[in-house]
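Visitor: I am new to this structure. Please show it to me, and then I will ask about its rings, a helix and the cores.

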Amino acid sequence: MSVPSAALEVVDLVKAYGTHRAVDELSLHVGRGSVLALLGPNGAGKTTTIEICEGFRSADSGKVRVLGLDPVADAAELRPRVGVMLQDGVGGYTGATARELLRLFASYAADPHDPDLLLEVVGLTGSAGTAVKRLSGGQQQRLSLALALVARPELVFLDEPTAGMDPQSRRATWELVRTLRADGVSVVLTTHFLDEAEQLADDVVVMDAGRVVAAGTPAELTRAGAEGQIRFRAVAGLPIDRLLDELPGGTVARETEPGRYVVTGEVTPQLLATLTAWCAAQQVLPQDLAVERRTLEDVFLELTGRELRA
């Protein structure tokens, strides 16, 4: 049997509830051994998309292939090969201890990870004998992650994996995702933490109102449009028009308030060198000079707006 080149392929996916299209002709691709971050505001259609890919919902139209298989028709064949970390954590097994629950899930797998080793990896060794209902929210998240990984899946869906985690647990989860990718496991994650997506994802898809509004690597998305800014302080009233004559076309320079300057454009070593040379020619020492790049959060807000969503 040939191995599909894509871990996940979605083409023109549609899912409607009445007249509302929660997912509207969405397409995306996840390569083998890569991490895709699916981003979007509340109600964008992320969870519906993920649930269709997991086989928990059926599509109205379009094509979905998970490891080359149909997630509904081939569910029995896919289930051992896919790990799922749900938003609602561990489900209804709240009376069991963390170790009991992980051992139960491991018993369903053909070649599971050692449950005790996995508890150590997610930092729950000290809480292994604690009932799930007595674990903190962050601990339950870490247990849910372990449950998703215990069967050695080829593809993992992580829905808000670090929600409720403290900073240490969050960073440890990041390292675990990086380890999964290094081991050839494909990862699809949804997150509201834009720095998380920027740190972990090979590719990013931004959804809004059920559609893809942007896609690319984090570097590609943050490079598009306004590249960045250089800010500095100096004496008030510098001849900005003369500075612009020295800078590349398309660069903008302005004095935002007396003695405070911002240069916006494609921030390159040459631009920075030209700016400092010009200041030197004016007998001016730029102070508090800082290069600020566009972040994924900037891109996200530009694409989806800044208003609150229900």
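Visitor: Are phenylalanine 232 and tyrosine 261 buried or exposed?
Guide: The model is predicted; local features need pLDDT of at least 70, side-chain atom pairs count only at pLDDT 80 or more, and totals for chains, interfaces and linings use all residues. Residues are numbered from 1 along each chain as its sequence is written, and side-chain values use heavy atoms, with hydrogens and water left out. Relative accessible area (1.4 Å probe, protein chains only) decides the class: under 20% is buried, over 50% exposed, and in between partly exposed. By this rule, both phenylalanine 232 and tyrosine 261 are buried.

Visitor: How many aromatic pairs are there?
Guide: Rings of Phe, Tyr and Trp (its six-membered ring) pair if their centres lie within 6.5 Å; planes under 30 degrees apart are stacked, over 60 edge-to-face, and the rest tilted. Phenylalanine 105 and tyrosine 108 form a tilted pair, with 6.3 Å centre to centre and 50 degrees between the planes. Phenylalanine 232 and tyrosine 261 have ring centres 5.2 Å apart and planes at 15 degrees, so they are stacked. The count of aromatic pairs is 2.

Visitor: Which strands hold phenylalanine 232 and tyrosine 261?
Guide: Strands (E, at least two residues) and helices (H or I, at least four) are DSSP runs, numbered from the N terminus. The pair links distant parts of the chain, 29 residues apart. Phenylalanine 232 is in S10 (residues 228–233) and tyrosine 261 is in S12 (residues 260–265).

Visitor: How many of the residues of H5 are buried?
Guide: Helix H5 covers residues 137–149. Among its buried residues are Gly138, Arg142 and Leu149. What covers the buried residues includes strand S5 (82–85) and helix H6 (167–182), by contact, meaning heavy atoms within 4.5 Å. H5 is mostly covered, and the number buried is 11 of 13.

Visitor: Which element gives the largest share of the largest nonpolar core?
Guide: A nonpolar core is a set of buried Ala, Val, Leu, Ile, Met, Phe, Trp, Tyr and Cys residues joined through side-chain atoms within 4.5 Å. The largest one has 43 residues, and Leu39, Leu143, Leu158 and Val204 have the most contacts inside it. The largest share of this core, 6 residues, comes from H5.

Visitor: How many residues are in the second, separate core?
Guide: In soluble globular proteins, nonpolar side chains tend to be buried together. Here a second core includes Leu26, Ile50, Leu69 and Leu78. Its number of residues is 26.

Terms used
Expected span 1.5 Å × (residues − 1).
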